[in-house]
Amino acid sequence: MKRFFKTALGHPYAVMVMALGITLLAVLSVVSGFRMETNLDTYMPRTHPAFVFSDEADERFMIKDAILIAVEHPDSVFNPATLQKLIDIEDDLLALEGLSGARVNSIHTADNILATEDGLDVRRFYVDAPADQQGADRIALAVRGNDMIAGRLVSADERTALVIVELPESGFSRDLYDRIQSIAGRRAGPETLHVAGRPIVEGTLAALGPADMARMGPMVLLVIAIVLLIVLRQVRRTILTMSVVVASTVWAFGLMSALGVPMYSVSIMIPVMLIAIGVAYAIHLYNQIDHFTGETPGASRRDIAENAISVISSPALFAALTTVAGFVSLVTSQVYPVKYFGLFTAFGVFVSFMLTMLLVPAGIMAFGNGTVKKTAGSRGARAERIQEHGFGARFADALKAKPRFAYIATAVLIAVSAFGMSRVWINTSFLANFDSNSAIVKTDAFVNEHFGGTSSLNVILQATDPDTFKDPGVLRLMDALQTGALELENVGDTISLTTYLRRLHYSMNAADPAFDVIPDSSDLVAQYLLLYEMSGDPDNLWKVVDADFKSANVTVQMKSDDTLTIGRVIDYVEAQAADFARLGITIRYAGSGYKSLIFSDLILQGQMSSLGLSVIIVFILVSFMFRSLLLGLVSTIPVLISIAVNFGVMGLLNVPLTTSTALISSIAVGIGVDYAIHLITHYREALKALGDEDRAARFSMSHTGRAVLLNAAIVISGFMVMVFSVFPPNRQVGLLVSLNMLTAFLATVTIMFMVLRSISPRLIKELQK
Amino acid sequence: MTATKRTILPALMLCLVFAPALGAQEKTALAIMTAVYERPQPSDMSATLTMTLVDSKGKERVRSLDQRLGSFGGVDKKIMVFQSPADVRGTSFMNWSYGQAGKGDDQWIYMPALKRVKRITSDGKGGSFMGSDFSYDDLGARHPSADSHAILGSEVLAGEECWMVESKPQDAADGYSRTVSWISKSRLIGFRRDYYDKKGALLKTLSVLETRTMGPYLMITRTEMRDVQANHRTRMDFTAIRLDTGIADEQFSERAMAKGL
């Protein structure tokens, strides 16, 4: 590798032209084949058994995500104008492309099944809006008398009515989302319109995340440029370094595009990652160049460049490889966009390493080293010549003087982190991604306050014998399951076959409350259902039971989509599983809420295995680089500490483990070990060159310690920009990556450095061999 | 809608009669549809109807019921008694449909498990018939004056030269935006009808699969409605057809429902 870089030195212009040429090719590739994938379904691992089952059940029971439009009137929705507005909204929605075949549920579309003196009356609450208030009052009366509708489609206080649109198979698009929002805007007043439902939350999330990241990208670029200018103290160096990271981003996207991989929302993080991480190699290179020119004034361009390559290329290569490993470890994820994110960022990182190693020396060969602007103190040249007396050296001495302090501090930190780690909880909620005072959270809370809930879980009961779900014993057990579920916190409503049967039984027996129970014979059940097929909407039936009556779907509506709520319902249902098993019925789950729970679990599992994998790869790489298992172990100290602190802080600050916060830990391992690699390399070399442990420690801490400090400072300042994001998950990513870098840096220069020094006798022995 | 509809025999039978061939040239679309509508029909009928519902995955559900139809003083009466599946055996529905405008159908249900006849009032006409792909409206013969008609062209269907007649409802609130019927030029019977939804997309296709000549009548004995949007279909097979046997008005009573046919 060194030879390759040194050979390239001879042809600086060729190198630059080639880099530029490939970059242009990449730009061409991006321009010609770039494709954005916004369909969230592509994230789902289709072949996972839970998904396969859920998808099949979704199809069998026509389980679809729904958009809820809550129409809130200051007094009562039962007035001619508001009742007409429900029709208008329905018409508007059905006129939308993509919603033409959709089922709409509201008091306008619903059937009122009513007991009459000698039988049953099935008719719509209204077809055309009433002309006067009397007409509206009659509708109000009818709604109040039907507990299948009151509380479900109109709130108990009668101030809010729901229009529920089931999304057709084609799914939800950003465009549809905008159009529905525009209908809500147009139809508002005097009513307030609230648009809620899982597709809206997902849609907003899918739109907001990338938009925010796209805004963050240029900001990160700007901040990194400013920091680089301060650190490198030269415009030419800053421009060159920025060109490298921008080019690496372009190459990564160019390759993606050329391979036909579309852009996913998570891919938007690639530039931020590459810009913040990619500048590190240049920092170390320039640090060495300044050190060398300080020590050997008047050195030739080639000498400067060759020295920098000799000293830096090996640790930088391994620093790059470990970072690459951190990203590549994401391939263990079951989620393709995450896999792609890992792979292409890894590629970009390697490109930025290669380009730095080629272009920085080429720049020196072509244009010279330039003059480094001296800061006021002008400590540059002088300080670098006497590397053993600077701040770094004093720091190294201080550490040696008071080793206990660092050890105790580390022990306390790990103990506190361990306590915090025990409190880490997982949240797969989509809604938790938004600020608690955002419109979408408020709307969701409003609908949840007045109705059964915006989130749902489908409990699928399966038997082997046909007509099982006509058996009154089975139906009573289902009914008991539902009644119990309603006692759970945040469960607002349940709907199943029993809901319809009880209503029919009650209505066919002159609305006698004694008949609000499951009928006693399976024949009666069958006959009621035939009646319902005749007079109601049979599709309603096939949403709760299959045609063979071999499986049934119990929908549990919840007022929150967090893991705690869904988990509580699943635990409750599982506790009843034995009772159902006795009747030959097995229980499974379906619906998008359940799928995202499984999905997030998979991501978390994937992240945990990525994390393990990245630590192992890093250990192997570093051991190989140093030809020493012991040094491999030493280098993992900072990353292990940073992992502990990462999860500890999350637990202590009540930051849940989510798909985005889990993503970063394995990445952080790959980046965090870089500091150790540079420090260990130069400490060992100094040991060899100087032969004195104290001097080697002082030298490496002040020389490499400085570069590592700058490296960490730049990465942290890049990621800290994301703290200004309007999107909470991006803020969390920014903060946690910064925290990881800070911990890894501090652990490297303190505890790891001390451990390193303590094994110096062994290192010297090895070096003498 | 009820006023412009005759629910007798065409309902469930789509009974069509031989009529003298009309000169294709002179016929207007309205005249064709009127001729189809105004053919003579049996005064009563009984038959066994086997309804096969096929869902999108090809799974079949079979329902079999006996039915009896007759017309008395402008009231079309019908009783249907389920024979299978076993758990609904004996469940019967009676329907009285009136000629007067604005008067909805009367319906009763008898459930053996309840041992009681209950009256059902409903406003649903566009709704599904017994959970099938046929709506109640599809089963009734529509009066030609309810639509405006146009001849779209001619086409050979099942070996017969047919007119393609497009019918658009006069009432915008109607369930379909338009239908296209294939009417045999020689026999003036419909062989196929396409139903278009409110957005103008093809929704359902009705096909006549089998016909049988019975005395002066040409009876359709097998027909299928395919919902092309939901990808399911319903086949209706009529067997044991008996026509003009003189079924009395008293045979359409709550007592008869409970007793079975």
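Chain B and chain A bury about 2,600 Å² between them. Carbon and sulfur atoms account for 55% of that area. The model is a predicted one, and this shared surface is a good place to enter it.

Start with the residues that touch. On chain B there are 28 residues in contact with chain A, and on chain A the matching number is 33. Some of these contacts involve charge. The rule finds 4 salt bridges across the interface of chain B and chain A. Look for A:Asp548 and B:Lys59, whose side chains meet in a salt bridge. The distance there, N to O, is 3.2 Å. Polar contacts cross the interface of chain B and chain A too: 7 residue pairs, with both residues at pLDDT 80 or more.

Which strands of chain B supply the side that touches chain A? At least two residues each come from β4 (60-72), β7 (106-111) and β8 (116-122) of chain B. The largest share belongs to β8(B), with 7 residues. What kinds of residue make up this side of chain B? It holds 12 nonpolar, 6 polar and 10 charged residues.

Now follow β8(B) across to the other chain. It pairs with strand β4 of chain A, residues 119-124. The two strands run in the parallel sense, and 4 bridges link them. You can pick out partners along the way. A:Leu120 stands opposite B:Ile120. A:Val122 stands opposite B:Ser122. In a regular strand the side chains alternate between the two faces of the sheet.

β8(B) also has a partner within chain B. Here β7(B) and β8(B) run antiparallel, joined by 5 bridges. So β8(B) pairs with β4 of chain A in the parallel sense and with β7(B) in the antiparallel sense, by the bridge rule for pairing. B:Met111 stands opposite B:Arg116 in β8(B). The two strands of chain B, β7(B) and β8(B), form a hairpin, with 4 residues between them. In the turn sits B:Lys115, which has a positive phi of about 55°.

Step back and take each chain as a whole. Chain B has 261 residues, and 53% of them count as buried. Its secondary structure comes to 4 helices and 16 strands. Now consider contacts in chain B between residues at least 6 apart in sequence. Of these, 50% join residues at least 24 apart.

Chain A has 769 residues, with 59% of them buried. It contains 28 helices and 10 strands. The C-alpha trace of chain A spans about 110 × 50 × 40 Å along its principal axes. Take the contacts in chain A between residues at least 6 apart in sequence. Here 81% join residues at least 24 apart.

End with a single residue of chain A. A:Thr565 is found in helix α21, which covers residues 563-575. Is A:Thr565 buried or exposed? Its relative accessibility is 1%, so A:Thr565 counts as buried. The cut-off for buried is under 20%. What does A:Thr565 touch, leaving aside its neighbours within four places in sequence? It is in contact with A:Glu489, A:Asn490, A:Met558 and A:Ser560.

Terms used
Residues numbered from 1 in each chain as written. Chains lettered and ligands numbered in written order. Predicted model: local features only at pLDDT ≥ 70, side-chain atom pairs only at ≥ 80, totals over all residues. Heavy atoms only, no water. Contact = heavy atoms within 4.5 Å. Buried area = accessible area lost by both parts, 1.4 Å probe. Polar contact = N/O pair within 3.5 Å; in protein donor to acceptor, adjacent residues only side chain to side chain. Nonpolar A, V, L, I, M, F, W, Y, C, P; charged D, E, K, R; others polar. Buried < 20%, exposed > 50% of the residue type's maximum accessible area, 1.4 Å probe, protein only.
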